[in-house]
Amino acid sequence: MVLSFRPLLRDPGLWILVFGIVCYTQLNFQNRPNSFSSTFTSNNTLAGMFGGGVIGDGPWKRGAPLIHERRAHRSSVLKDGRILVSGGLVGLGNVAQPSRYLSSSEIYDPEKNQWSRISNLFSRFRHTSTALPSGEVILIGGQSDEESISSTEIFDPSLNEFRSGPPLKKPRRLHTATLLSNGNILVAGGYSGNAPSTAYLYPYGPDQLLECEEIDPLGLKKTVVSSMKMPRELHTATRLADGRVLVTGGVWGEDTLNTCEIYDPQSRTWTSIEPMASPRTRHVATLLPDGRVLVIGGSVGKAIEQQGQSSTLNVYSSCEIYDPETGRWTLTDSMRWPRTSFMDALLLPNHKVLVAGGYGAANYESNYSWELYDIASGTWDTYGVWPEPIHGHRLVFLPQYNQVLQIGGLSRQQSINSTRILDLSQNWFEDRPEIQFTTIPIGRGPLTQVQITANFKEGSAVLWPLGVPIESGQMLTVTIDRETSLTVALTQQRVVVVRKFKIQPRPGGQPNNGRTKP
C-alpha cells in the first residue's frame, strides 16, 4: 500500500501549524543569548580592517614626499620646528638592488609643507642623530661603504650646513647616543668591524664593543672612556629622570641579552641591575612621564626573517616596564602584533605611546599596522593600518602643530619617499566604549552568566574573542567558566579603540554588578 500525502498538503490546518512553528522559531532563536566557553584564541588579524577593498589612510593623511627615497635614516626635531632627516640607505644589498649609502640629508618645513635637500660630509647608515641644547644636531658614527666610521658632523640650522665634529676614539655603528645633563653625549656599545650590507638582520659576532665614550660635541673637553659590564649592539639607551642612563638588552656574538646596566655620569661608572624577563634585541624603549621606562617588543637572535605568510618565531609582542624607584621590571599588557627590527615608537602628549611597523606577524601585519599604548590603563588600546606595509621609517612629533609624521621607509622591497601626517587635534582616539556588566551565578557549578552592555557614540563594536557585534546600549549575554579577559573593539574611520576588562566568575551567591572606567 502506497501512502499519499496530497490530502495533507491540501489541508489548511497543516499550513497554519507550519506557519506557527516558523514564527515561534524566529522569535525564540533570533535573539537567543550567545554562550561560549572561556577557552579563547587570540584574534590577531587585520581582515576586519581590510574589508576586502582598498584601504584608506584613516586618520593618517598623505604629506609632502621626501626628495629622495630612503630607509633606516635618522631624524631630529630642530628648535624652530623643522625636521632634519639624515643619511640612510637605498637598495637591498643584492645584484638587482645594490646598496647605496646616502650622503644627503633633508629638511622639512611644516609651514611650507615641503622638503629641501642639503649635503652631508659623509654618507651614513646605522648612525645616530642627537639634538643639542644649542639647537644644533650631531650625527655620530655609522657605516659608509661597508666600513664602520668614527667621524661625527654637526648641523648648524642657522646656516643649513654641516661641519666636522670631534671624532670617536673607535669606529662604531648600531650604537646608542644619549645626551647627558652636562651637555656631553654618551656613545655606548655598537659594532666596530666590517660586514656586508646584507647582514643587517643578524648579529655580527666578536666585534661588539664593551667600551663607551662620553664626548663633548664642542670638542673642548677630553673624551672619557668607560666600559659596560657586557659588550652589546642593537640595544637601547634611555636617559632617566635623575640623569642616569639605562641600557637594555642587545646582542653579544650569537647571544641575545636580557641583562641591563645603568651609567652614572657623576661617577662615570656602570652598574648591573635586575635583568628583563626576556632577552631582547631590536626592541625600543620609551621614557614615560612618571619616570618609568617602557620596553616594547624585540626578538631573540636571528629570528627576525619574515618569510611569506608564516609568523616568525621568537619575536615578541610582550612589553616590560622598568621602575627606577624600585629597581624592578614588571610585565605590562602585550601588543596586538609582535614587532621587531625597524619599528619605531614615540611618546605622545595625550599620555599614549605610538608604535608602528617592524617585522613579526604573519601576512606582514606588523608592517601594515600601528597601535597605541595607554599609560594610565597600562593597555594597548588603539590600533589601525596603513595602505601598504612599511618599516625602516621614522616617527616624529611636532609639538607646535600637534602632529605626528611618518617619514620614508621600506615597502614591498623598495625604499620609499612617502610621508604621512597624523593630526592629534582631531581627537581620533577619544570615543571609548563604556562597559557595564552583571554576573549571575548558575547553580553551584563553575559557570557564570554575564550580561554585558556597551555604550558609545558612533561606529560599530564587537565583543572579542567571541566575535559578536554589539550595538550601543544592547545587552549581550555570555557564559564563562573562569576568570576571563574580554575586549570590546569599537571601529570608526579605520581606527579601532578597545576596552579590555576581566570578569571573575561567581558560582553560587548573589549577582555582581560592575562597570569599567569610561
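pLDDT is the predictor's confidence in each residue, from 0 to 100. In this predicted model, the chain has a mean pLDDT of 83, and 80% of its residues reach 70 or more. The points below cover two stretches of low confidence, the largest pocket and two open sheets.

**Confidence**

- Residues 197-201 have a pLDDT that stays under 50. The model nevertheless gives this stretch 18 contacts beyond four places in sequence.
- The pLDDT is also below 50 over residues 303-309. Here the model has 24 contacts beyond near neighbours in sequence.

**Largest pocket**

- The largest pocket holds about 1800 Å³ of space.
- Its lining comprises 45 residues, and those closest to the pocket centre are Ala177, Ala237, Ala285, Asp344 and Arg394.
- Seen by element, two or more lining residues come from each of strand 2 (74-77), strand 8 (128-131), strand 14 (176-179), strand 18 (236-239), strand 24 (284-287), strand 28 (344-348) and strand 32 (394-398).
- Sorted by class, the lining has 21 nonpolar, 18 polar and six charged residues.

**Eight-stranded sheet**

- An open sheet is built from eight strands with antiparallel pairing, and their order is 28-29-30-31-41-40-37-38.
- Strand 28 and strand 38 (468-470) are at the edges; each has a single partner strand, so one side of each is left without a neighbour in the sheet.
- On average, neighbouring strands of this sheet are turned by 25 degrees against each other, direction ignored.
- Within the sheet, strand 31 (residues 379-385) and strand 41 (residues 495-503) run antiparallel and are joined by three bridges.
- Gly384 has Val495 of strand 41 as its bridge partner.
- Strand 28 thus appears in two settings: as an edge strand of this sheet and as one of the elements giving two or more residues to the pocket lining.

**Four-stranded sheet**

- Four strands, in the order 14-15-16-17, make up another open sheet, and the pairing is again antiparallel.
- Strand 14 and strand 17 (224-227) are the edge strands, each pairing on one side only.
- From one strand to the next, the twist averages 20 degrees.
- Four bridges link strand 16 (residues 211-215) with strand 17 in the antiparallel sense.
- Glu213 has Val225 of strand 17 as its bridge partner.
- Strand 14, an edge strand here, is also among the elements that give two or more residues to the lining of the largest pocket.

Definitions and conventions:
Residues numbered from 1 in each chain as written. Predicted model: local features only at pLDDT ≥ 70, side-chain atom pairs only at ≥ 80, totals over all residues. Heavy atoms only, no water. 1 Å grid on protein atoms, 1.4 Å probe; cavity = no way out; pocket = protein on both sides within 12 Å on 5 of 7 lines; lining within 4 Å. Points joined across faces, edges and corners; volume = space filled by probe spheres on them. Nonpolar A, V, L, I, M, F, W, Y, C, P; charged D, E, K, R; others polar. Contact = heavy atoms within 4.5 Å. Pairing = 2+ DSSP bridges. Axes fitted to C-alpha atoms, helices over the stretch in contact; angles between N-to-C directions.
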